[in-house]
Amino acid sequence: MYTLFRKTAGAAVMSALFLSGQAQATVAEFIRSQTAAQGHAIVDAARAMPADRYGFAPETDPMTFGELVLHVAVGNYLFCSHIGGIAEPTVSELAGSGPKDAIVKRLQDSFDFCTRALASLNDAKMAEVLNIGVVKTPRSMAILTLSGSWITHLSMARDYLSQNGQKIALPAH
């Protein structure tokens with residue numbers, strides 16, 4: 001868990017450095033661009049894994065590939081609703097062992113939700129403190145955390161795919 005936190009925090013720092021190099025870019029523009037780019041890459045990874053391998057879990061991680069995909073979707077709904085200031089939709093229960101098509105659809109729907117939730121976001125309230133679960137964090141940090149988690153989870157998905165002999169060209173993060 002600490003390693004995952006370090007990777008996510010490192011990705012957030014890299015994202016912040018990226019932002020500092022673009023004087024005209026806003027935090028809101030950054031997260032919208034990352035929603036599109038990372039969403040596309042993560043959904044492509046979910047589609048690339050054969051359905052019969054969604055139950056695969058590497059020795060180093062007890063989370064199956066299907067559970068990883070759903071974990072991303074749950075995080076998307078949670079973070080994007082709070083960041084965008086709109087209600088989190090109610091979705092039906094879905095297990096990581098469920099049908100691949102349903103899991104991929106849930107993931108795609110969660111990125112579509114993020115796109116809608118973040119559409120009118122601007123930088124005016126980046127310092128506003130949000131209550132996300134039991135964590136209180138500024139909106140700007142929630143954005144960096146979300147973006148960093150996508151990078152971490154895409155890296156994990158690539159590892160799962162590689163361990164299952166899948167050779168897919170996914171964009172670099």
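**Exercises: a loop threonine, a helix pair and a helix leucine**

Leaving out neighbours within four places in sequence, Thr-64 touches Tyr-54, Gly-55, Phe-56, Ala-57 and Tyr-160. Keep in mind that the model is predicted.

**Exercise 1.** Work out where Thr-64 sits and decide: is Thr-64 buried or exposed?

*Solution.* Start with the place: Thr-64 is in the loop that runs between α2 (27-48) and α3 (65-84). Next, take the accessibility: Thr-64 has a relative value of 15%. Buried means under 20%, so Thr-64 counts as buried.

**Exercise 2.** Describe how α3 packs with helix α4 (residues 100-117).

*Solution.* First, the geometry: the two axes come within 9 Å and cross at roughly 15°. Angles under 35 degrees count as roughly parallel, so that is what α3 is to α4. As for handedness, the α3 and α4 crossing is left-handed.

Now look at who meets whom. On the α3 side, the residues include Val-69, Leu-70, Val-72, Ala-73 and Tyr-77. Among their α4 counterparts are Ile-103, Leu-107, Phe-111, Phe-113 and Cys-114. Finally, sort the residues of this contact by type: twelve are nonpolar, five polar and two charged.

**Exercise 3.** Place Leu-154 in its helix, classify its exposure, and find how far its C-alpha atom is from that of Asp-44.

*Solution.* Leu-154 belongs to helix α5 (residues 139-163). Its relative accessibility is 1%, so Leu-154 counts as buried. For the last step, go from sequence to space: Leu-154 and Asp-44 are 110 residues apart along the chain, and their C-alpha atoms are separated by 9.9 Å.

How values were computed. Residues numbered from 1 in each chain as written. Predicted model: local features only at pLDDT ≥ 70, side-chain atom pairs only at ≥ 80, totals over all residues. Heavy atoms only, no water. Helix = DSSP H or I, 4+ residues; strand = E, 2+ residues; numbered from the N terminus. Buried < 20%, exposed > 50% of the residue type's maximum accessible area, 1.4 Å probe, protein only. Contact = heavy atoms within 4.5 Å. Axes fitted to C-alpha atoms, helices over the stretch in contact; angles between N-to-C directions. Parallel < 35°, antiparallel > 145°, perpendicular 65-115°, else oblique. Left-handed = near helix turned anticlockwise from the far one by under 90°. Nonpolar A, V, L, I, M, F, W, Y, C, P; charged D, E, K, R; others polar.
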